[in-house]
Amino acid sequence: MASKALDDRSGRIDLWSKLRFDPGTGTVWLDEQRMLLLHAGSLGALRAEMVRTLGEGRAGALLMRMGYQSGMQDAEIARKMVGDRDYEEVFLLGPRLHKLEGLVQVETIRCELDLDAGRFHGEFRWTESWEAESQIVHFGIGEHATCWNQLGYASGYVSAFMGRPVIFRETMCKAKGDPHCTIVGEIASDLPADDPYLKAMHPEDIAGQLRAMAEEIGELRASLRREKQAGSLIGQSPAFLKSMNLLRRAADSSITVLLTGETGVGKEVFAHWLHDNGPRRDKPFVAINCGAIPHDLIESELFGVEPGAYTGAQRQRLGRFERADGGTLFLDEVGDLPLPAQVKLLRVLQTGEVERLGGDRLRHVDVRIVAATNVDLASAVAARTFRADLFYRLNPFPVAIPPLRDRAADIPLFVEALVERLTRRHGKPVRGVSDQAMRALIAYRWPGNVRELENVLERGVLLAEPGGRIDVDTLSIVLEPDSREQAHVRPDGRLAVTGAPLIPDIERAPLLLADYEASLVEEALRRAGGNVADAARMLGMSRRQLDYRLKQAGG
């Protein structure tokens, strides 16, 4: 049936006579179907809330299915109104019902309809679209067509009329800046299976998805709680993520790893993580602090002792290499090894064999070496206090552990985990730290790094009132008067830090965009007190975009 014929016969039924208001009961009726007279503004607010809560994709699909049901019901009304007259007049009432209900003015552009053959193709222009106007009010002009509910209505109405599924698509929309809205309808079987409008008509198990998401969030929270226990790694700053990415790459192999960084940054904790997440996790992890053992005893500690090897050696004792056989040996402060011990350590690393002091038999050991130092070993090699060949043996996979002052975004995470641990240790309930105390903790430079932070918080736990919070007066730190960083609490209660310019000398600084982007990300995280979503808003990007940059910064 041509569109001109449809238009010529569009006024045969007086729809307004079918609309009835009953003042006595406060009900509205269209023929025998009860209707509702709603405020467009409140319905638009509900629609906007759905979009914000579910996202455009899910909200649009839900509104389309809602409109589909409404169109199906109006098709039933139309059938009853038409009665025994030309069945195709049922089709004519759809656009008029849509207009009567205050949703949109419909104009036929082209319509090819053959009910007997089951063929349909229609193109219609919409003006005065309520849904497009609501979208613009709440979200402004966007990039996508958004008359979802009205599309669903058209699809539902024509599907009921045709007796087979028909899908309408919106090719133009005022909500994306077009002069009007245009829709095109086709038999669903003529569309590809992956057509987004066709897929939108299939209900999603949103409740099931929400349950699954809740379970995933529960597992994630449990995982995060596990990560905050003693001996675990904590952090989300770019500097931390960069180090973690390197550790992950090394974890599954037996490559020797050299951890570098200042005293107190937690190198042993990183070494434990490397062992616990590698193939030797079920074997021993043995640690030795090479700087804490007298020089004349370091060899016996590393390689073991046979009875009578020296005065007082009355029994056999295994060295750290043999005790770590099959597992990991952590050589902390390896830069403090005396030169004679360096020679013997190099030989063991080359041959995989140890000889106990006073013994005459070589014993094979299979040990993964993780070394750590706060000394610049390259400078020590140049100063001839550390052997170059040993340095090359220990340095195939270096990982720098950043100091706490470069991880300001991680300080709130450390505080939460450490306070929880310390309250259990001392059996004293403390509810974290005050906002002013957190300001001071973030602004402090932490020369002793995480170790110093733990000591400061332990004192705070002991001095705090039971059930109270650690305040500034209980912290044993002093901020430098001329400190270039100052912390403050924003009006919304979140922590922020402002400080020296990100580019202190722009005239002479190298213009490397990646460096300044990383600095901006770090600064935003610092100002947001570690809250990634807030930091993303500061930077004018989405949370997903910032997560991507953090992952890129991690390697």
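How exposed is Glu-420: buried, partly exposed or exposed? Glu-420 is partly exposed, with a relative accessible area of 36%. The close-up views below come from a predicted model, and the legends take you through them one at a time.

**View 1. Glu-420 pairs with Arg-424 within helix α15.** Welcome to the opening stop. The side chains of Glu-420 and Arg-424 form a salt bridge, with the closest N and O atoms 3.3 Å apart. The two residues are separated by about one helical turn, because they sit four residues apart in helix α15. Arg-424 has a relative accessibility of 46%, so this residue counts as partly exposed. Glu-420, at 36%, is partly exposed as well.

**View 2. Salt bridges with shared partners make one network.** Look here for Glu-306, Glu-322, Arg-356 and Arg-363, which are joined into one network by salt bridges that share partners. For the wider picture, a search of the whole structure finds 20 salt bridges.

**View 3. Arg-47 and Glu-131 meet in a salt bridge.** The N-to-O distance for this pair is 3.1 Å. Arg-47 belongs to helix α2 (residues 40–82) and Glu-131 to helix α4, so the salt bridge ties together parts that are 84 residues apart in sequence. Are these two residues buried or exposed? Both Arg-47 and Glu-131 are buried.

**View 4. Asn-149 touches Glu-131 and residues elsewhere in the chain.** Here we meet Glu-131 again, this time as a contact of Asn-149. Asn-149 lies in helix α5. With residues up to four places away in sequence left out, Asn-149 also touches Leu-63, Met-64, Met-66 and Gly-67. Its relative accessible area is 15%, under the 20% limit, so Asn-149 is buried.

**View 5. Glu-262 and Arg-405 link distant parts of the chain through a salt bridge.** The closest N and O atoms of this pair are 2.4 Å apart. Where do the two partners sit? Glu-262 is in the loop between β8 (257–260) and α9 (267–276), while Arg-405 is in the loop between β16 (397–400) and α15 (411–426). Along the sequence, they are 143 residues apart. Glu-262 counts as partly exposed at 28% relative accessibility, and Arg-405 is partly exposed with a relative accessible area of 26%.

**View 6. Ile-136 in helix α4 touches Ala-175.** Helix α4 covers residues 130–139, and Ile-136 has its place there. Ile-136 and Ala-175 are 39 residues apart in sequence, yet their C-alpha atoms are 5.7 Å apart in space. Ile-136 also touches Ile-141 and Lys-174, again not counting residues up to four places away in sequence. With a relative accessible area of 30%, Ile-136 is partly exposed.

**View 7. The largest cavity has a volume of about 130 Å³.** How many residues line this space? The lining has 13 residues, and the closest to the centre of the cavity are Gly-94, Pro-95, Val-106, Ala-154 and Val-158. Helix α3 (89–100), strand β5 (119–127) and helix α5 (148–162) each supply at least two residues of the lining. Sorted by class, the lining has 11 nonpolar residues, two polar ones and no charged ones. In total, the structure has three cavities of 30 Å³ or more.

Technical notes
Residues are numbered from 1 along each chain as its sequence is written. This is a predicted model: local features need pLDDT of at least 70, side-chain atom pairs count only at pLDDT 80 or more; totals for chains, interfaces and linings use all residues. Side-chain values use heavy atoms; hydrogens and water are left out. Buried means under 20% relative accessible area, exposed over 50%, partly exposed in between (1.4 Å probe, protein chains only). Contact means heavy atoms within 4.5 Å. On a 1 Å grid over the protein atoms alone, a cavity is a set of points where a 1.4 Å probe fits but cannot get out, and a pocket is an open set with protein on both sides within 12 Å along at least five of seven lines; lining residues have an atom within 4 Å of a point. Grid points are joined across faces, edges and corners, and a volume is the space filled by probe spheres set on the points. Ala, Val, Leu, Ile, Met, Phe, Trp, Tyr, Cys and Pro count as nonpolar, Asp, Glu, Lys and Arg as charged, and the others, Gly among them, as polar. A salt bridge is a side-chain nitrogen of Lys or Arg within 4 Å of a carboxyl oxygen of Asp or Glu.
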